[in-house]
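This report goes through one protein chain, from its overall fold to single residues. The sequence and the structure come first.

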Amino acid sequence: MMKILNLNEIQNIPYPALKSHISEKVQNWKNEYGIESLDEIGCFVILDADEKGFFAESEMEFTEILHLENKTYLHGVRMLGDCYGEDTFFPVERVRK
């Protein structure tokens with residue numbers, strides 16, 4: 001599990017497409033809400049394939065399937081307080097027909 005608590009830690013994400021997605025999301029938040037740090041809004045959690053137990057769908061405000069280049073993630077947002085959330089990304093295998 002990787003927990004991203006500050007903007008500099010985004011650069012440590014080992015998956016280029018996910019790093020780009022999160023960087024773009026943070027930039028949009030900075031532009032829209034005028035934030036300067038993640039302390040103001042939340043954090044990101046990136047799980048490994050064997051950490052499904054840390055993705056509690058029942059606690060999520062919403063979930064979605066996110067396709068980024070050659071990887072697929074189950075993405076959910078859990079609210080931990082007023083205006084403070086945790087975006088969680090869990091890698092899943094694509095189902096092929």
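## Basis and a first residue

A residue counts as buried under 20% relative accessible area, as exposed over 50%, and as partly exposed in between. The model discussed here is predicted.

By that cut-off Tyr33, with a relative accessibility of 53%, counts as exposed. Tyr33 is placed in helix H1. Pro14 is 19 residues away from Tyr33 in sequence, and the C-alpha atoms of the two are 27 Å apart in space.

## Overall fold

The protein chain contains one helix and five strands. Their order along the sequence is β-α-β-β-β-β. The C-alpha trace spans about 45 × 30 × 20 Å along the principal axes.

For 97 residues, a compact globule would have a radius of gyration near 13 Å, and the value for this chain, 13 Å, agrees with that. Of the 97 residues, 36% count as buried. Among contacts between residues at least 6 apart in sequence, 48% join residues at least 24 apart.

## The largest nonpolar core

The largest nonpolar core is made up of 17 residues, and those with the most contacts inside it are Ile4, Ile13, Leu18, Ile22, Val26, Phe44 and Phe89. Two or more residues of this core come from each of helix H1 (16-33), strand E2 (42-46) and strand E3 (62-68). The most is given by H1, with five residues.

Two members show how the core is connected. Leu18 has its place in helix H1 and is buried, because its relative accessible area is 1%, under the 20% limit. Beyond its neighbours within four places in sequence, Leu18 is in contact with Ile13, Ile46, Leu68, Tyr73 and Phe89. The pair Leu18 and Leu68 is 50 residues apart along the chain, yet the C-alpha atoms are separated by 6.8 Å. Val26, with neighbours within four places in sequence again left aside, is in contact with Leu7, Ile10, Leu38 and Phe44.

## The second core and Leu47

A second core, separate from the largest one, has six residues, including Val45, Leu47, Phe55 and Phe90. Leu47 is found in the loop between E2 and E3. Is Leu47 buried or exposed? With a relative accessible area of 1%, Leu47 is buried.

Outside the four nearest places in sequence on either side, the contacts of Leu47 are Met1, Phe54, Phe55, Thr88, Phe89, Phe90 and Pro91. Two of these partners, Phe55 and Phe90, are also named members of the second core. Glu59 lies 12 residues from Leu47 along the chain, with 16 Å between the C-alpha atoms.

## The largest pocket

The largest pocket has a volume of about 190 Å³. Its lining consists of Trp29, Tyr33, Ile41, Val77, Met79, Cys83, Tyr84, Gly85 and Asp87. Tyr33, the exposed residue described at the start, is thus part of this lining.

Which elements supply at least two residues of the lining? They are H1, strand E4 (71-81) and strand E5 (84-92). E5 gives the most, with three residues. By residue class, the lining divides into seven nonpolar, one polar and one charged.

## Two loop residues

Ile35 lies in the loop between H1 and E2. At a relative accessible area of 3%, Ile35 is buried. Not counting residues up to four places away in sequence, Ile35 touches Trp29, Lys30, Glu40 and Ile41. Of these, Trp29 and Ile41 also appear in the lining of the largest pocket.

Glu69 belongs to the loop between E3 and E4. Unlike Ile35, which is buried, Glu69 counts as exposed, at 66% relative accessibility. Most residues other than glycine have a negative phi. Glu69 is not a glycine, but its phi is positive, at about 50°.

Definitions and conventions: Residues numbered from 1 in each chain as written. Predicted model: local features only at pLDDT ≥ 70, side-chain atom pairs only at ≥ 80, totals over all residues. Heavy atoms only, no water. Core = buried A, V, L, I, M, F, W, Y, C linked by side-chain atoms within 4.5 Å. Buried < 20%, exposed > 50% of the residue type's maximum accessible area, 1.4 Å probe, protein only. Helix = DSSP H or I, 4+ residues; strand = E, 2+ residues; numbered from the N terminus. Contact = heavy atoms within 4.5 Å. 1 Å grid on protein atoms, 1.4 Å probe; cavity = no way out; pocket = protein on both sides within 12 Å on 5 of 7 lines; lining within 4 Å. Points joined across faces, edges and corners; volume = space filled by probe spheres on them. Nonpolar A, V, L, I, M, F, W, Y, C, P; charged D, E, K, R; others polar. Rg over C-alpha atoms; globule rule 2.2 N^0.38 Å.
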